[in-house]
Amino acid sequence: MKYIFYVGILILGACKQQPQEPQIQFQNPSNFPEPHYNLSRNPVTTEGFKLGKMLFFDSILSRDGTISCGSCHIQSSAFTQHGHDLSHGIDDQLTLRNAPPIMNLAWQKEFFWDGGVFDLDLFALAPIEAHNEMDESIANVLNKLRKHPKYPQMFERAFGTSEITLDRFLKALSQFQLMAISANSKYDKYIRNEGVTLTTDELAGLELFKVKCSSCHQGELFTDLSYRNNGMIPQRFKLNGIDTIDTGRERITLNPNDQFKFKVPSLRNVEITRPYMHNGSLRTLEQVLDHYQTGVKDHPTLDPVLKQNGKLGIDLTNDEKKKIIEFLKTLTDEEFLKNPILSEENP
Amino acid sequence: MLAIIASTIVISCKKNDTEPAPNPNLTGSLEVEFENFVGTQKFAFGTTYTNPNTNETFTPSMLRYFITNIELKASNGTIFTVPQNDSYFLIDQEKPESLKFTLNSIPEGDYNEISFTIGVDSLRNTKPVGERTGNLDISGTAQGMYWSWNSGYIFVKFEGSSPQSTAVDQKYRYHIGGFGGYSSKTINCVRKKTLSFGKDVAKVRTNAAPTVHLITDVMKLFNGSTQLKIADNNTVMFSPFGINIANNYVDMFSYDHVHND
């Protein structure tokens, strides 16, 4: 009799067991520096992440319900808008720049190509309120969420209260974005000695990269996070009918020395984030390397590393460019691009 | 006769007794009221004003400004700083209730000077969102008073229409802000103003809450160390010219009178 009783408990226990949900936890890759984002202020939790993910892919954030964050930040392209030189916003309007990847944001100090936003938690306000992106007031977004059948309950689970505030809304979005970590490329596994080797060409490319590129694309994030003029020709263009010139970092600092400077982007997943540069004007990695070899245009704010001994550009041979590209492709992180936890198809 | 004199003395003594010296261990409150003017006329939306300096005419449609980090100085030199978390106010002509605010927990005293910041200090501008609640909540009271693409509060927003504006819609728009920059230096339009009450004092007592009445003359936003002409600058937002306007708007404010009840 006693025996049967035990069996009963076991069966009950087994029935209660639901499919295990993955527990979300922020982990610092061993080859990365310490994150810049203050995680103690907003610890990533499973419920906070789930809420942030739902918000990220929800077009309720836009004025007419047509645009979500995920519209311009697509996972399979490392959360960029694949193939678009300038990203597309509401009413098919163009934005000023190419959508940067949402990737390893915990290590970013400032956001946007011009660094205009200095806290990840403040970031989402800009695309929501920009007239050519989501064109919605943040107050209205929060009101829509408050009336939504699901969100108040999700805020309750994430933050212990169903009261939806700006702070909690932004923190949830940050939690999702913080988990978009790309640190499992072939290069990472090689550098962490995880039994992966690079080919002779890839290794040669890495050595060339260190000499030719790493003064800006530094460290394990492949950027020193600085703002530099990389010799792209500044061009006037019509943006939604308005004559425009993108002066880059100068828009933020109003300092003429910052004119046409843009943030040095990370090169992780660079193979699949084309087109390139702040305006998406270069379509292939070959074109990018060609630019640095022969396309750099002089300008008073041109970065000095691109004009050494009076010579414009970076000294490169065709063979060297090929090897550097071979190396850059080892930064593609298939696990990140297909990570089911980050996938829109897997709510 | 003597009796009358004696009783007069008694009465005057008694009168003094009813106004005891302020006890700094007790606290009271003080109300600050802003009244917006254009020159000598009261500010009203839809009214057309003429700037005597430039002969330009303008019809305002929006006026908002941040008054923050308030300090009160008593006639004995004591300074009371309003606790920072409670020291952010947005004056919005559209919302009559915003034109006055009450400062609480002020030590009893005879105050004869007020200081405040026009704008939002750099420290608060860089605080986490969770510390920007109340009048600084950009999804609430401070809606429209924030540049989301270039993190920072707009300090003063003054809009309207003018036949002198060359903008397509004949509007003028002054959105002035800039706290000095986060990682790189940039414009700083934070300004501090100190206003003396002259011979007046605001007698803050546990049972007496005086009202200090201040005047904001928007005409001075045009007419100051820089002559702002709508014809030349119909739109000033985040730009170096904003500094000129900030140098003008710091002088918009003046003390008018105090009510001690």
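Into which domains is chain A divided? In this predicted model, chain A comprises domain 1 (46-182) and domain 2 (186-334). The C-alpha centres of domain 1 of chain A and domain 2 of chain A are 26 Å apart.

Two contacts are described here: that between the domains of chain A, and that between chain B and chain A.

| Contact | Residues in contact | Buried area | Share from carbon and sulfur atoms |
|---|---|---|---|
| Domain 1 of chain A with domain 2 of chain A | 29 residues (domain 1), 27 residues (domain 2) | about 2400 Å² | 54% |
| Chain B with chain A | 25 residues (chain B), 24 residues (chain A) | about 2000 Å² | 62% |

Within domain 1 of chain A, the residues that lose the most area to domain 2 of chain A are Leu96(A), Trp113(A) and Asp114(A), which together give 28% of what that side buries. Two salt bridges are counted between the two domains of chain A. Arg97(A) forms a salt bridge with Asp246(A), with the closest N and O atoms 2.7 Å apart. Between domain 1 and domain 2 of chain A, 13 residue pairs are in polar contact. The side of domain 1 of chain A that touches domain 2 of chain A holds nine nonpolar, 15 polar and five charged residues.

For chain B against chain A, the contact takes 25 residues from chain B. Of the area that chain B buries against chain A, 29% is supplied by Val129(B), Ser148(B) and Trp149(B), more than by any other three residues. Zero salt bridges are found across this interface, while seven residue pairs are in polar contact. The side of chain B that touches chain A has 10 nonpolar, 12 polar and three charged residues.

Chain B has a mean pLDDT of 93, with 93% of its residues at 70 or more. Over residues 1-17 of chain B, however, the pLDDT is below 50, and this stretch has zero contacts in the model beyond near neighbours in sequence.

Key:
Residues numbered from 1 in each chain as written. Chains lettered and ligands numbered in written order. Predicted model: local features only at pLDDT ≥ 70, side-chain atom pairs only at ≥ 80, totals over all residues. Heavy atoms only, no water. Contact = heavy atoms within 4.5 Å. Buried area = accessible area lost by both parts, 1.4 Å probe. Salt bridge = Lys/Arg side-chain N within 4 Å of Asp/Glu carboxyl O. Polar contact = N/O pair within 3.5 Å; in protein donor to acceptor, adjacent residues only side chain to side chain. Nonpolar A, V, L, I, M, F, W, Y, C, P; charged D, E, K, R; others polar. pLDDT = per-residue confidence, 0-100. Domains from an automatic or database assignment.
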